[in-house]
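Hi there,

Here is the structure I promised to pass on to you. Have a look at it first, and then read on for what turned up in it.

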Amino acid sequence: MADDHGGFEHIRDTVDGHPMVNLITYALRYWPRLLVGVTTAVITRFARLVPALIVAATIDRVVLGGADPGLLTDVGLLPTGAIVGEAARLELLRRLVVIAAVAYLIRSVTRFASRYLLQSTAQKVQRDLRNDAYDHLQRLSMDFFVNHQTGAMLSVLNSDINRLEQFLNSEFRQLIRVVATVSGITIILWSYSPKLAAIALLPVPLIGLASAGFLTWIEPRYQSIRETVSRLNSRLENNIAGVDIIKSFDRYEFEHERVATQSEQYHDEQIRALRLRRGFFAALRLMTGIAFVAILFVGGRDIILLGDAGGLSTGSFALFFLYLRRLYSPMRRIGRSANKYQQAKSSAERVFGLLGHAPMIDDPDDPHDPAFIRGDIDFEDVTFGYGDREPVLSDVSLSIEHGETIGLAGETGAGKSTLTRLVPRFYDVDSGSVRVDDVDVREYARQSLRRGIAIVGQSPYLFSGTVAENIAYGDLETLTALRTDGSVPDAVVEAADAAEADRFIQDLPDGYRTEIGERGVKLSGGQRQRLAIARAILNDPAIIILDEATSDVDTETEQHIQASLSRLIADRTALVIAHRLSTIQDADRIVVMDDGEIIEQGSHDDLLATNGAYADLWRVQVDENPATAD
Ligand code: ADP
């Protein structure tokens, strides 16, 4: 059974390399887009620094008519020397207006380009990751699906991958913003007054250090919050899926308690993290306030006491205050970015942990890849247990010839289903071997082995889609034909006919095109079973594994099902797990299992004559339902 965490708490162990480096590697596939995106983002940030320079120049030169050089003069955009007379000042003003207009134009064009390019890269990474993760997940062995909750797997494919897209989209831009803005402002302020620049810049590394501390502090909390929310999601999903059981046992109170306890835990963890986060931001604000006050005092004092000798003009003094906000506001956000980084890292661990999770069951180097399978099956001294648990099969040996029908009988939990799951290699034996056509199943290319085997379960799964699609699923060519052509292939109708399903399908509102599944028409157990049989007939496998459905079908339906089953297993090797012994009465051989071992085998008559375990089971069923013996 899956554990309470959805099974994903150990997935970090299978990340190959650093998760965030892996994420960047995905983005680097689009490096030209990324390169232009980053470059234009840097230009945008630099362009944003220009207006404050223009304000400083306007104050110093246009308003006060001073000769102070300033950065714009240094780079040759403004004339040197004192500006004397109205005409000269107006001329200078015009020039500043042009510079401002050009800066705004550049900023708006590069901003569009960088946002578009970086956001579209994030979207592409999201698409690629989801495709890869889904594809990989599908190829993992059955044990992975048994050990991980559906909700947890869905949340990796949805929320985690979405979060990575958002991280690339917004936090990556933030990183560029911080680096470009801080370095740009540092260079500019330094050129005006190294002393004041040092005061302005002092909080920057402090904020960085505080963020780093905050990051390590908050990390375990976010880890635990993510796991709690995934547990809560799984619980909610479980309770919605199992609503009929909850209703029938009237377990509202019990379930309410469970949900409330988990919600409470989630709430408490969020509140604890919230306190830390808010405290952190408050401390940051205080630090930036101290810098503001210090610059005001030191800079103002210099101007008063030193005058022009202080080297600080009125405009450049104003420039410091104009830049302070620009300097600190991205720094204040670093805490949030650190949070986002932590969350994205957790998501990346799950996504790349999933991608790094090797299937337990994989093809050998030089797989056996036969064109078709005849259908002989040999179990040789098979011992098998799920995971590290006690063996559920011990030393089972059984030889089955192609075309033979084997009925599997025995109490629930005897190991019948487990035995059949070893044939398509859903699991590997612990010792002994399973051979198909005299070749160990571990030597096959899984695809060619599984192509030769069809499984019809007790409650067969039907996909949302039309009846025709669900039947055509059994054969790739037919499925493709249906998808491309749109008309219902003859093969589908023939298979449905053989499965005794044609009649009821014709009676459905849209016949073969009727939508079934979650949003479509609901089918009865017997109808679902017959569609599954039609799907298997179309698949035309050499080996059929049948978990016979028992309950909830009326007698007429049962006759239909029996007829379709007989057609399905004729000329094929069949392993039929029987819940009612009458259905395997005519099997070539009946194998009786108990507690993971084969205790009897033979024909129905032989076994009755032996008067052993099978005879006991038979008597119990005849007593329960006398009609069975007819
Ligand atoms: P049967 O088909 O005869 O009812 P099964 O093969 O389903 O018996 O089960 C045999 C034993 O293996 C039981 O004890 C069952 O609990 C256990 N078992 C079945 N499936 C799993 C699984 N996926 N993981 C762990 N144990 C399992």
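Let me begin with a single residue: D540 sits in the loop between α20 and β9 (543-547). Please keep in mind that this is a predicted model. With a relative accessible area of 54%, D540 is exposed, because the cut-off for that word is over 50%. Its backbone is worth a look too: D540 is not a glycine, yet its phi is positive, at about 50 degrees. Most residues other than glycine have a negative phi.

D395 makes a good companion to it. Here phi is near 50 degrees, again a positive value in a residue other than glycine. D395 belongs to strand β2 (residues 393-400), and its relative accessibility of 55% makes D395 count as exposed.

Now for the overall picture. The protein chain contains 23 helices and twelve strands. Is it compact or spread out? Its radius of gyration is 36 Å, whereas the globule rule gives 25 Å for 630 residues, so the chain is more spread out than a compact globule. You can see this in the C-alpha trace as well, which spans about 125 × 50 × 50 Å along its principal axes. Of the 630 residues, 48% count as buried. If you take the contacts between residues at least 6 apart in sequence, 76% of them join residues at least 24 apart.

Next, the buried interior. In soluble globular proteins, nonpolar side chains tend to be buried together. The largest nonpolar core in this model has 49 residues, and L319, Y323 and L327 are the ones that touch the most other members. Which helices build this core? At least two residues each come from α3 (50-63), α5 (86-139), α7 (150-192), α8, α9 (203-241), α11 and α12 (314-332). The largest share belongs to α12, with eight residues. Another core, of 46 residues, lies apart from this one and includes L482, L538, A574 and W618. To see the surroundings of one core residue, try L319: leaving out residues up to four places away in sequence, L319 touches A52, L53, A56, I188 and Y192.

A pair of helices deserves a closer look. Two packed helices are described by the angle between their axes and the distance between the axes. For helix α8 (residues 194-201) and helix α11 (residues 252-306), the axes come within 9 Å and cross at roughly 170 degrees. That angle makes α8 roughly antiparallel to α11, because angles over 145 degrees count that way. On the α8 side the contact is made by K195, L196, I199 and A200, and on the α11 side by A291, A294, I295, V298, G299 and D302. Sorted by type, these contact residues are seven nonpolar, one polar and two charged.

Some other places to click on:

- L137 is in helix α5 and counts as buried, at 7% relative accessibility. Setting aside residues up to four places away in sequence, L137 touches F144, F145, M153, L157 and L354.
- L355 lies in helix α13 (residues 334-356). The C-alpha atoms of L137 and L355 are separated by 7.7 Å, although these residues are 218 residues apart along the chain. With residues up to four places away again left out, L355 touches Y26, L129, D132, A133 and H136. L355 and A495, on the other hand, are 140 residues apart in sequence and 38 Å apart in space, C-alpha to C-alpha.
- V439 is in strand β5 (residues 439-440) and is buried, with a relative accessible area of 15%. Apart from its neighbours within four places in sequence, V439 is in contact with H368, V434 and Y444. The C-alpha atoms of V439 and I377 are 9.2 Å apart, with their positions 62 residues apart along the chain.
- G525 is in helix α20 (residues 525-539) and counts as partly exposed, at 29% relative accessibility. Between the C-alpha atoms of G525 and I577, 52 residues apart along the chain, the separation is 17 Å.

Enjoy exploring, and write back with any questions!

Best wishes

Terms used: Residues are numbered from 1 along each chain as its sequence is written. This is a predicted model: local features need pLDDT of at least 70, side-chain atom pairs count only at pLDDT 80 or more; totals for chains, interfaces and linings use all residues. Side-chain values use heavy atoms; hydrogens and water are left out. Axes are lines fitted to C-alpha atoms, for helices over the stretch in contact, and angles run from 0 to 180 degrees between N-to-C directions. Helices (H or I, at least four residues) and strands (E, at least two) are DSSP runs, numbered from the N terminus. Angles under 35 degrees count as roughly parallel, over 145 as roughly antiparallel, 65 to 115 as roughly perpendicular and the rest as oblique. Contact means heavy atoms within 4.5 Å. Ala, Val, Leu, Ile, Met, Phe, Trp, Tyr, Cys and Pro count as nonpolar, Asp, Glu, Lys and Arg as charged, and the others, Gly among them, as polar. A nonpolar core is a set of buried Ala, Val, Leu, Ile, Met, Phe, Trp, Tyr and Cys residues joined through side-chain atoms within 4.5 Å. Buried means under 20% relative accessible area, exposed over 50%, partly exposed in between (1.4 Å probe, protein chains only). The radius of gyration is taken over C-alpha atoms; the globule rule is 2.2 Å times the number of residues to the power 0.38.
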